[in-house]
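Welcome! Take a moment to look over the chain and turn the model around before reading on. The report below walks through it piece by piece.

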Amino acid sequence: MDIVSTGSFQERRSLPENRRKIIIDTDPGQDDAIALMLALASPHLEVLGIVSVAGNVPVAQTATNACKILELADRRDIKVYAGCARPLRRPPITAEHVHGQSGMDGPVLPAPTIALQAQHGVDFLIDTIRAHPAGTITVVTLGPMTNLAMALVKAPDIAQRVEQVVAMGGAYSECGNITPNAEFNMFADPDAADIVLRGQIPLTLLPLDVTHQFLVTPPRLAQLRAMPGRCAQAAASMLGFSERFDLKKYGWDGAPLHDPCTIGWLLAPDLFSGREVNVSVVVDGPLMQGATAVDWWHVTDRPVNARFLRHVDSDGLWSLLAGHLARLP
């Protein structure tokens with residue numbers, strides 16, 4: 001289906017004064033795209049910028065995809081910055097087998113007219129975090145953590161200035177979705193994840209344990225398809241494409257919707273539960289690379305470094321997502 005961006009997003013007129021400031025680091029990806037839509041629709045979030053990273057598809061394509069979503073949602077006021085083109089150390093890995101060659105296969109979206117910013121995404125992260133008062137910016141990572149890790153290496157002082165990091169990544173009881181033991185984002189750049197996990201930054205992880213509970217079932221997909229807005233229609237088309245892989249893989253009643261869980265947690269943390277634990281990631285090893293070791297029972301003396309979520313009210317989160325998508329053009 002063809003989705004054309006026209007009109008304006010009227011709900012921008014009256015916004016709360018104390019909106020949470022966020023930077024979204026992403027590799028769209030259909031589920032990334034819907035996470036972006038959820039953030040853009042919320043009157044409680046101020047998106048300071050979007051940084052793309054190599055992940056589901058190469059970085060140039062993820063930057064283009066982010067621009068397409070902004071135009072679809074009529075949010076040309078938000079800037080996009082291309083970040084790192086490859087992982088810190090391991091060979092690049094992509095996921096076109098899931099997301100299609102564009103990364104957002106499904107709808108036919110027009111080429112974006114938004115100009116990509118010249119500044120590198122890592123430098124944007126550093127400059128923006130330094131420019132705001134300490135403890136006021138949340139970084140949301142929806143893909144590999146390469147950009148954030150590079151920013152922490154280049155400018156260690158920002159670790160004390162970030163309010164928190166909210167990341168989709170890792171797994172405990174759900175094992176892996178790209179290897180038997182590793183979740184894709186961690187496997188795509190385990191060295192970057194290791195840097196962030198050791199960064200002494202308040203960190204919330206939305207792992208497969210949560211995202212595998214948040215399924216796009218046939219009734220939910222039908223609800224999206226019945227919504228009139230072009231963003232909802234694009235979301236339905238994207239999910240109709242990407243679910244084919246997961247439905248065949250898992251045999252469940254619906255495909256998991258990973259990345260929107262991060263924004264959902266920011267907006268409604270009461271829908272989630274977990275505990276504060278130590279999480280580490282395996283950076284080497286042919287069988288375990290990218291696996292997350294979660295000290296759920298505190299059987300080691302490793303210091304707590306993450307809030308690791310394990311459960312979500314799926315119906316509540318879906319209502320939140322659908323309600324927000326209905327606000328978009």
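A residue is called buried when its relative accessible area is under 20%, exposed when that area is over 50%, and partly exposed in between. By that yardstick D123, at 24% relative accessibility, counts as partly exposed. Please keep in mind that this is a predicted model. The mean pLDDT of the protein chain is 94, and 95% of its residues reach 70 or more. Over residues 1–13, however, the pLDDT is below 50, and this stretch has 35 contacts in the model beyond near neighbours in sequence.

**The sheet**

Let us begin with the strands. Eight of them form an open sheet, and following the order gives β3-β2-β1-β4-β5-β6-β12-β9, with mixed pairing. The edges are held by β3 and β9 (272–277), each of which pairs on one side only. From one strand to the next, the twist averages 25°.

Looking inside the sheet, β1 pairs with strand β4 (residues 137–141) in the parallel sense, over five bridges. One residue to find here is I24, whose bridge partner in β4 is V140. Helix α11 (residues 260–267) packs on the sheet and touches β1, β2, β4, β5 (162–168), β6 (203–206), β9 and β12 (306–312). The direction of α11 makes about 140° with that of β5.

**A helix with plenty of company**

Next, find helix α2, which runs over residues 59–72. How far apart are its end C-alpha atoms? At 1.5 Å a residue, the 14 residues of α2 should span 20 Å, and the end C-alpha atoms are 20 Å apart, which agrees.

Is α2 largely enclosed or largely open? Since 11 of its 14 residues are buried, α2 is largely enclosed by the rest of the structure. Among the buried residues are V59, T62, A63, I69 and L72. The list also includes N65, K68 and E71. What do the buried residues of α2 pack against? Their partners are β1 (20–26), α1 (30–41), β2 (45–52), β3 (80–82) and α10 (230–250). Just after α2, D74 takes a positive phi of about 55°.

**Backbone surprises**

Most residues other than glycine have a negative phi, and most peptide bonds are trans. With that in mind, a few places in this chain deserve a look. The peptide bond from P28 to G29 is cis, with omega near 0°. G29 sits in the loop between β1 and α1.

Q200 is not a glycine, yet its phi is positive, near 55°. This residue lies in the loop between α7 (190–197) and β6. Q200 counts as exposed because its relative accessibility is 69%.

H298 is another non-glycine residue with a positive phi, about 55°. Its place is in the loop between β11 (292–294) and β12. At 44% relative accessibility, H298 counts as partly exposed.

**Salt bridges**

The structure holds 11 salt bridges. Here are three of them, with the distance between the N and O atoms.

| Pair | N to O distance |
|---|---|
| E163 and R20 | 3.2 Å |
| K154 and D123 | 2.6 Å |
| R198 and D194 | 2.8 Å |

Start with E163 and R20, which form a salt bridge. This pair links distant parts of the chain: E163 is in strand β5 and R20 in strand β1, 143 residues apart. E163 is partly exposed at 29% relative accessibility, and R20 is partly exposed with a relative accessible area of 27%.

Then come K154 and D123, whose closest N and O atoms are 2.6 Å apart. K154 lies in helix α5 (residues 146–154) and D123 in helix α4 (residues 121–131), so the pair ties together parts that are 31 residues apart in sequence. K154 is exposed, with a relative accessible area of 53%, whereas D123 is partly exposed at 24%.

In the third pair, the side chains of R198 and D194 meet in a salt bridge. R198 counts as exposed at 62% relative accessibility, while D194 counts as buried at 18%.

Which residues are linked in a network of salt bridges? They are R89, D191 and D284.

Conventions
Residues numbered from 1 in each chain as written. Predicted model: local features only at pLDDT ≥ 70, side-chain atom pairs only at ≥ 80, totals over all residues. Heavy atoms only, no water. Helix = DSSP H or I, 4+ residues; strand = E, 2+ residues; numbered from the N terminus. Expected span 1.5 Å × (residues − 1). Buried < 20%, exposed > 50% of the residue type's maximum accessible area, 1.4 Å probe, protein only. Contact = heavy atoms within 4.5 Å. Pairing = 2+ DSSP bridges. Axes fitted to C-alpha atoms, helices over the stretch in contact; angles between N-to-C directions. pLDDT = per-residue confidence, 0-100. Salt bridge = Lys/Arg side-chain N within 4 Å of Asp/Glu carboxyl O.
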